[in-house]
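Reader: Got a minute to walk through this one with me? I'd like to start with how the helices pack.

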Amino acid sequence: MPSTPEFQHTLGKAASFSGTALHTGEKVTLKLQPAPVDHGIKFKRKDLQEEPTIDAKIENLKTVERATTIGEGSVRVHTVEHVLAALWAMGVDNAVVEMDANEPPIGDGSAQAYVDLIRKAGVTAQEEPRKFFDVRETMHVESKTGALLVLLPDDKFRISCTQAGPNNQFSQFYSMEVTPSLFEREIAPARTFVYYEDVKPLMDKNLIKGGSLENAIVVRGDAVLSKEPLRFADEFVRHKILDIIGDLALVGRRIRGHVVAVKPGHASNAELARSITREQTRRSAVATPRTIPSGDGGLDTDEVMQILPHRFPFLMVDRIISFETETKCVGVKTVTINEPFFQGHFPGHPVMPGVMQVEAMAQVASILLFKLAKTTSRIGYFMSADEVKFRKPVLPGDTMFIHAELTKSRGERLAKAKCHCVVNDAIVSEAELMFTFLDK
Ligand SMILES: [Zn+2]
């Protein structure tokens, strides 16, 4: 399976299988097709004229009763969560899911059939890096029905789930890191379970023509009815995790965080997917490169390098946006995944080291001093850093604004500066720096 978790993946080739649709009871063929980078997962209705596609995105969510339905315009696809869970957990970022009906074949009510299909097609790495959503602050959603989902920062995608039926019957707990091999072994075979009281009216109305004990476990009172015995003693909670993975795939980014779920359902899963997407939209909006004035107001990269002796990879300021006064200015640094320090700080969990932020503050403060002294024939040395605080992590993709103000400059040799760094309108670090200047 994929050995390069930082890169996007698609299927090695197309693969298909046929089965029964749960709601109509009709035969349906599902075909998985490879797709280019940044395509995401899209469903294609081959049975309709012009073969419309629907993006597997939370914006297209339509209903969450018993299963997850997405749609665009008047076109719908139902029960997308199991095939999405299989694709996402097996590492497929880009694919077309072609169907000649409005829902996938139900298989045995688990994700096994889709995993088998993905295995048949193969999973292959692509050229572009994956897009991640890093949980920075705890998020949560709660529903009136008692569902609670909490999302905590973590360097892996983990799910810990507690499931309980009516009167806390069949209470089960399961916790795991979501990896292709663990998903395939522990989660994919877990089947859908339904309560007899819930499905009886639907069966009477003939709304689940394809439903049978071959593709669902039916719970009636204390009895567990299914054609095949339980595959795991805690099969129900495992299936809940399967549904969470499938519903959160609608975020369209790989989540680095820990989902702690209590009695989750499609509605609460979708609500969490929506919160994540809203937070991502907010982050992208504030991270959009602002028009940075150049010319008289600031210094471009060349001008910065004429003043500072620092060079890649140790130049920590891209340019100076503006000088507010002779003793106060703002610099900017775009932090990219290509910074050499991310390789080791930390593998798989890139965070900008705090000392590099202090270095960025020192470089911006030095520019102020060099401008004041009107010479670059000297070099500044750090003497002390006081009141250093690191408030929030700085991550790849962040634009860091470095504010510096000279508060004291004794003679021409000694200076003190008050500095702070800002990302997304929040202070991420601050320090009071003292340095001295020596001739080069
Ligand atoms: Zn399910």
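Author: Sure. Phe183, Glu186 and Ile187 of helix 3 touch Arg238, Ile241, Leu242 and Ile245 of helix 5. By class, that contact has 5 nonpolar, no polar and 2 charged residues. Keep in mind that this is a predicted model.

Reader: What angle do helix 3 and helix 5 pack at, and how far apart are their axes?

Author: The angle is about 140°, and the axes are 10 Å apart. Helix 3 covers residues 180-187.

Reader: Oblique or roughly antiparallel, then?

Author: Helix 3 and helix 5 are oblique to each other, because only angles over 145 degrees count as roughly antiparallel.

Reader: OK, what about helix 1 and helix 5, how do their axes cross?

Author: At roughly 80°, and the axes come within 7 Å. That crossing makes helix 1 roughly perpendicular to helix 5.

Reader: Which residues make the contact there?

Author: From helix 1 you have Glu81, His82, Leu84, Ala85 and Ala89. Helix 5 brings His239, Leu242, Asp243, Ile245, Gly246 and Asp247. Sorted by class, the contact of these two helices holds 5 nonpolar, 3 polar and 3 charged residues.

Reader: And how many residues of helix 1 are buried?

Author: 9 of the 9, so helix 1 is largely enclosed by the rest of the structure. The buried residues include Glu81, His82 and Trp88. Just after helix 1 comes Gly91, which has a positive phi of about 95°.

Reader: Switching to the metal. Which residues are the protein donors of the zinc ion?

Author: His82 and His239, each through NE2, plus Asp243, which is listed with two OD donors. They lie 2.1 to 2.7 Å from the zinc ion.

Reader: What kind of arrangement is that?

Author: It's irregular, because the 4 donor atoms subtend angles of 52 to 147° around the zinc ion. To count as tetrahedral, four donors would need all their angles between 85 and 135 degrees.

Reader: How are the donor residues spaced in sequence?

Author: The pattern is H-x156-H-x3-D. His82 sits in helix 1 (residues 81-89) and Asp243 in helix 5 (residues 235-248), so this pair ties together parts that are 161 residues apart in sequence.

Reader: Is His82 buried or exposed? Same question for Asp243.

Author: His82 is buried, at 4% relative accessible area. Asp243 counts as buried too, with 10% relative accessibility.

Reader: Backbone next. Where are the cis peptide bonds?

Author: One joins Phe312 and Pro313, with omega about 5°. Another runs from His345 to Phe346, where omega is near 0°.

Reader: Which loops are Pro313 and Phe346 in?

Author: Pro313 is in the loop between helix 7 (301-307) and strand 20 (319-325). For Phe346, it's the loop between strand 21 (328-334) and helix 8 (354-373).

Reader: And which residues other than glycine have a positive phi?

Author: Glu51 is one of them, with phi near 45°. It lies in the loop between strand 4 (41-45) and strand 5 (53-55), and at 29% relative accessibility Glu51 counts as partly exposed. Phe170 is another, with phi near 55°. Its place is the loop between strand 14 (157-163) and strand 15 (172-177), and Phe170 is partly exposed as well, at 24% relative accessible area.

Reader: I clicked on Val219. What does it touch?

Author: Leaving out residues up to four places away in sequence, Val219 touches Phe170, Val194, Tyr195, Tyr196, Glu197 and Phe236. So the Phe170 we just discussed is among its contacts. Val219 itself is in strand 17 (residues 217-220) and is buried, with a relative accessible area of 1%.

Reader: How far is Val219 from Gly73?

Author: Their C-alpha atoms are separated by 37 Å, and the two residues are 146 apart along the chain.

Reader: Last one, zooming out. How many helices and strands are there, and what box does the chain fill?

Author: There are 8 helices and 25 strands. The C-alpha atoms fill a box of roughly 90 × 50 × 35 Å along the principal axes. Of the 440 residues in the chain, 48% are buried. Taking contacts between residues at least 6 apart in sequence, 69% join residues at least 24 apart.

Key:
Residues are numbered from 1 along each chain as its sequence is written. This is a predicted model: local features need pLDDT of at least 70, side-chain atom pairs count only at pLDDT 80 or more; totals for chains, interfaces and linings use all residues. Side-chain values use heavy atoms; hydrogens and water are left out. Donors are N, O and S atoms within 2.8 Å of the metal (3.2 Å for Na, K and Ca); water is not among the atoms, so sites may look incomplete. Four donors count as tetrahedral if all angles lie between 85 and 135 degrees; four count as square planar and six as octahedral if opposite donors are over 155 degrees apart and all others between 65 and 115; anything else is irregular. Helices (H or I, at least four residues) and strands (E, at least two) are DSSP runs, numbered from the N terminus. Buried means under 20% relative accessible area, exposed over 50%, partly exposed in between (1.4 Å probe, protein chains only). Axes are lines fitted to C-alpha atoms, for helices over the stretch in contact, and angles run from 0 to 180 degrees between N-to-C directions. Angles under 35 degrees count as roughly parallel, over 145 as roughly antiparallel, 65 to 115 as roughly perpendicular and the rest as oblique. Contact means heavy atoms within 4.5 Å. Ala, Val, Leu, Ile, Met, Phe, Trp, Tyr, Cys and Pro count as nonpolar, Asp, Glu, Lys and Arg as charged, and the others, Gly among them, as polar.
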